[in-house]
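Here is a note to read alongside the sequence and the model. Please keep the structure open while you work through the numbered points.

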Amino acid sequence: MSHHKIEFKQVQFTYKDGNRAVEDMTFSVGHGESIGIIGANGAGKSTLLKLLVGIMMPEKGEIHVGNLQLSKKTLPFVRREIGFTFQEADHQLFMNTVYDDVAFGPRNLGMEEDEVEKTVAHALETVGALHLKERASYRLSGGEKRNVAIATVLAMEPNILVMDEPTSGLDPKARRRLIELLKQFEHTKLIATHDLDMVLDLCDRVIVLHEGKCVRDGKTRELLEDAEFLESCSLEKPLSLTCWSGHEEIGG
């Protein structure tokens, strides 16, 4: 796999009900980039991520990860490169304990149990959740579940992190902890979210989706300060930019 590059070339996907969720999607992601995927409900964000990780396959176009074109044949190799966290952390946590949830992936790869133990400990320590390893996953708080879900991904040692609404359902403290955690990761990151303040904190670049199409791709702050454009896509400026603008007006 070369340089962890991602490329979409004229990708299209239509659901069985006739809803074309992704149309003529073309963009590329370079090694180490942190990119926010934003758009109103139904814009195609989650569909785009599911196409990238092979949960669904495009009806037209090509998706490349590194030097591999995504297909049923290459999917196992692509999934070794990409760690995907679902919008609902519960979808990734199904074993009896946190330890077993994080160990699930490495064990499926045939890793020896002593190596599994080291890998699990490192992944949980990275997200600040080592103390939870013997707990039942279903008893965790929303923030704890989110961190453990990320640990299940890190245990597979991916080069690319793909996250669907990672701050959904988190209280302000858990949200801030997650953002600070993600800032430490040097992975290539694609984050689909409604949380535009998080995008402002984490992402150098933003891709805006509207009705299944990529309507803009640019630098985060410049794009998120364009209130007229955001409104045309049923989005609003991040609260932090709105507050700062108001402060400047009062001060002036």
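**Notes on the model**

1. We may begin with one aromatic residue: Phe13, with a relative accessibility of 11%, counts as buried, because buried means under 20%. Please keep in mind throughout that this is a predicted model, and that every value quoted here is computed from it.

2. The structure holds four aromatic pairs, and one of them is formed by Phe8 and Phe27, whose ring centres are 4.7 Å apart and whose planes meet at 15 degrees, so the pair is stacked. This pair links distant parts of the chain, since Phe8 belongs to strand β1 (residues 6–14) while Phe27 belongs to strand β2 (residues 20–29), 19 residues apart. Phe8 is buried, with a relative accessible area of 1%, and Phe27 is buried as well, at 5% relative accessibility.

3. Phe13, the residue of the opening point, forms an aromatic pair with Tyr15, and here the arrangement is edge-to-face, with 4.9 Å from centre to centre and 85 degrees between the planes. Whereas Phe13 is buried at 11%, Tyr15 is partly exposed, with a relative accessible area of 29%.

4. The strands that carry Phe8 and Phe27 can also be followed in the sheet, which is open, has four strands in the order β2-β1-β4-β5, and shows antiparallel pairing. At the edges stand β2 and β5 (68–69), each with a single partner strand, so one side of each is left without a neighbour in the sheet. As background, the strands of a sheet pair through backbone hydrogen bonds, in either a parallel or an antiparallel way. In this model β1 and β2 pair in the antiparallel sense over six bridges, and Ile6 has Val29 in β2 as its bridge partner.

5. Where in the model is Gln92 found? Gln92 is found in the loop between β6 (82–85) and α3 (98–108), and it is buried, with a relative accessible area of 10%. Its side chain is joined to that of Thr152 by a polar contact of 3.5 Å. If residues up to four places away in sequence are not counted, Gln92 touches Phe84, Thr85, Phe86, Asp101, Ala149, Thr152 and Val153, and so Thr152 appears both in this list of contacts and in the polar contact.

6. Buried or exposed, how does Phe77 count? Phe77, which is found in helix α2 (residues 75–81), counts as exposed at 55% relative accessibility, because exposed means over 50%. The C-alpha atoms of Phe77 and Val65 are separated by 9.5 Å, and these two residues are 12 residues apart along the chain.

7. A further ring to look at is that of Phe229, because Arg216 lies over its face, at 4.8 Å from the ring centre.

8. Why does Cys203 form no disulfide in this model? The closest cysteine sulfur to that of Cys203 is the one in Cys214, at 14 Å, which is too far for a bond, because a disulfide needs two sulfur atoms within 2.5 Å. Cys214 in turn has its closest cysteine sulfur in Cys233, at 10 Å, which is again too far for a bond. Cys203 is buried, with a relative accessible area of 6%, whereas Cys214 counts as partly exposed at 26% relative accessibility. The structure as a whole holds zero disulfides.

Methods: Residues are numbered from 1 along each chain as its sequence is written. This is a predicted model: local features need pLDDT of at least 70, side-chain atom pairs count only at pLDDT 80 or more; totals for chains, interfaces and linings use all residues. Side-chain values use heavy atoms; hydrogens and water are left out. Helices (H or I, at least four residues) and strands (E, at least two) are DSSP runs, numbered from the N terminus. Buried means under 20% relative accessible area, exposed over 50%, partly exposed in between (1.4 Å probe, protein chains only). A polar contact is a pair of N or O atoms within 3.5 Å; within protein, one must be able to donate a hydrogen and the other to accept it, and residues adjacent in sequence count only if both atoms are side-chain atoms. Contact means heavy atoms within 4.5 Å. Rings of Phe, Tyr and Trp (its six-membered ring) pair if their centres lie within 6.5 Å; planes under 30 degrees apart count as stacked, over 60 as edge-to-face and the rest as tilted. A charge sits over a ring if NZ of Lys or CZ of Arg is within 6 Å of the ring centre and within 35 degrees of the ring normal. Two strands pair if DSSP finds at least two bridges between them.
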